[in-house]
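Biologist: Hi! Could you walk me through this one? I'd like to start with the aromatic side chains.

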Amino acid sequence: MSYSAKIGPSILSSDLACLGSECVRMMECGADYLHLDVMDGHFVPNITFGHPMVECLRKCVGPDPFFDMHMMVSRPEQWVAPMAAAGASQYTFHLEATTNAGNLIKEIRQSGMKVGLAIKPGTTVEELAPWASQIDMALVMTVEPGFGGQKFMEDMMPKVSWLRSQFPSLDIEVDGGVGPSTIHKCAEAGANMIVSGNAVVSSDDPRSVIAMLRTAVSEAIQKRSLDR
Ligand SMILES: O=C(CO)[C@@H](O)[C@H](O)COP(=O)(O)O
Ligand SMILES: [Fe+2]
């Protein structure tokens with residue numbers, strides 16, 4: 001079992017006028033990586049930021065923090081090179097947004113970034129499966145993409161369990177409505193990369209929330225390894 005528990009706060013829910021200091025704060029509170037939500041107002045009905053902001057955030061936090069770019073955009077092909085140049089670490093695109101996932105995976109890798117592949121709640125996990133051996137991470141959305149602070153969709157957990165059973169060492173991420181009250185479902189299903197927005201960023205004690213989420217996932221990983 002080569003994967004480990006990693007917690008990545010989504011800074012979408014933070015004060016957007018202070019994104020740099022919010023990123024620094026999350027890393028100081030024990031985040032393993034930062035999940036940056038890019039929305040273009042076309043693939044999803046909301047707009048956030050693009051590669052110029054990522055370049056500024058990279059300068060602000062330094063070279064080490066891992067930037068997982070959640071690209072909720074149409075035509076994800078067009079932002080690969082700018083995001084790589086801006087300092088993105090992983091480019092997570094939506095399967096629904098492209099007609100040539102194979103080529104896009106190749107381009108992302110050639111640009112030096114890791115590859116994440118996301119599916120919306122209405123997309124089956126069987127559609128993602130053919131690409132699983134070529135990617136670093138699968139993202140199972142647990143809300144409709146577009147907004148932070150939505151309710152966790154527990155009915156997405158069978159997708160996570162199926163992926164874990166088929167691809168035992170793949171990084172599997174969940175995103176949307178994940179926090180202390182929903183983490184155990186995600187951990188039991190087999191997710192190991194946990195995006196959490198509101199539950200972490202709006203907490204009075206983000207450090208404790210991050211630690212609690214990591215413990216829940218680590219315990220589930222340990223249990224799975226003992227059961228094998
Ligand atoms: O991609 C998205 C929403 O589209 C997420 O990353 C959310 O921003 C996570 O926030 P919470 O649902 O955890 O508040
Ligand atoms: Fe996200």
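Modeller: Happy to! One term to begin with: a residue is called buried if its relative accessible area is under 20%. Also keep in mind that this is a predicted model.

Biologist: Got it. So is Tyr-33 buried or exposed?

Modeller: Tyr-33 has 1% relative accessibility, so it counts as buried.

Biologist: And how many aromatic pairs are there in the whole structure?

Modeller: A search turns up 2. In one of them, Tyr-33 meets Phe-66 edge-to-face, with 6.4 Å from centre to centre and 80° between the planes.

Biologist: Which parts does that pair tie together?

Modeller: Tyr-33 is in the loop between α1 and β2, while Phe-66 is in the loop between α2 and β3, so the pair links parts that are 33 residues apart in sequence. Phe-66 counts as partly exposed, at 25% relative accessibility.

Biologist: What about the other pair?

Modeller: That's Trp-162 with Phe-167, also edge-to-face, at 6.5 Å centre to centre and 75° between the planes. Trp-162 is partly exposed, with a relative accessible area of 28%.

Biologist: New topic: charges. Where does the charged end of Arg-164 sit?

Modeller: Over the ring of Tyr-3, 3.8 Å from the ring centre. Elsewhere, Lys-120 lies over the face of Phe-43, 5.1 Å from the centre of that ring.

Biologist: And what does the side chain of Arg-224 make a polar contact with?

Modeller: With the side chain of Tyr-3, at 2.8 Å. Arg-224 belongs to helix α9. Arg-224 is buried but has no salt bridge, and the nearest side chain of opposite charge, Asp-227, is 7.1 Å away.

Key
Residues are numbered from 1 along each chain as its sequence is written. Chains are lettered from A and ligands numbered from 1 in the order in which they are written. This is a predicted model: local features need pLDDT of at least 70, side-chain atom pairs count only at pLDDT 80 or more; totals for chains, interfaces and linings use all residues. Side-chain values use heavy atoms; hydrogens and water are left out. Helices (H or I, at least four residues) and strands (E, at least two) are DSSP runs, numbered from the N terminus. Buried means under 20% relative accessible area, exposed over 50%, partly exposed in between (1.4 Å probe, protein chains only). Lys and Arg count as positive and Asp and Glu as negative; His and the chain ends are not counted. A salt bridge is a side-chain nitrogen of Lys or Arg within 4 Å of a carboxyl oxygen of Asp or Glu. A polar contact is a pair of N or O atoms within 3.5 Å; within protein, one must be able to donate a hydrogen and the other to accept it, and residues adjacent in sequence count only if both atoms are side-chain atoms. Rings of Phe, Tyr and Trp (its six-membered ring) pair if their centres lie within 6.5 Å; planes under 30 degrees apart count as stacked, over 60 as edge-to-face and the rest as tilted. A charge sits over a ring if NZ of Lys or CZ of Arg is within 6 Å of the ring centre and within 35 degrees of the ring normal.
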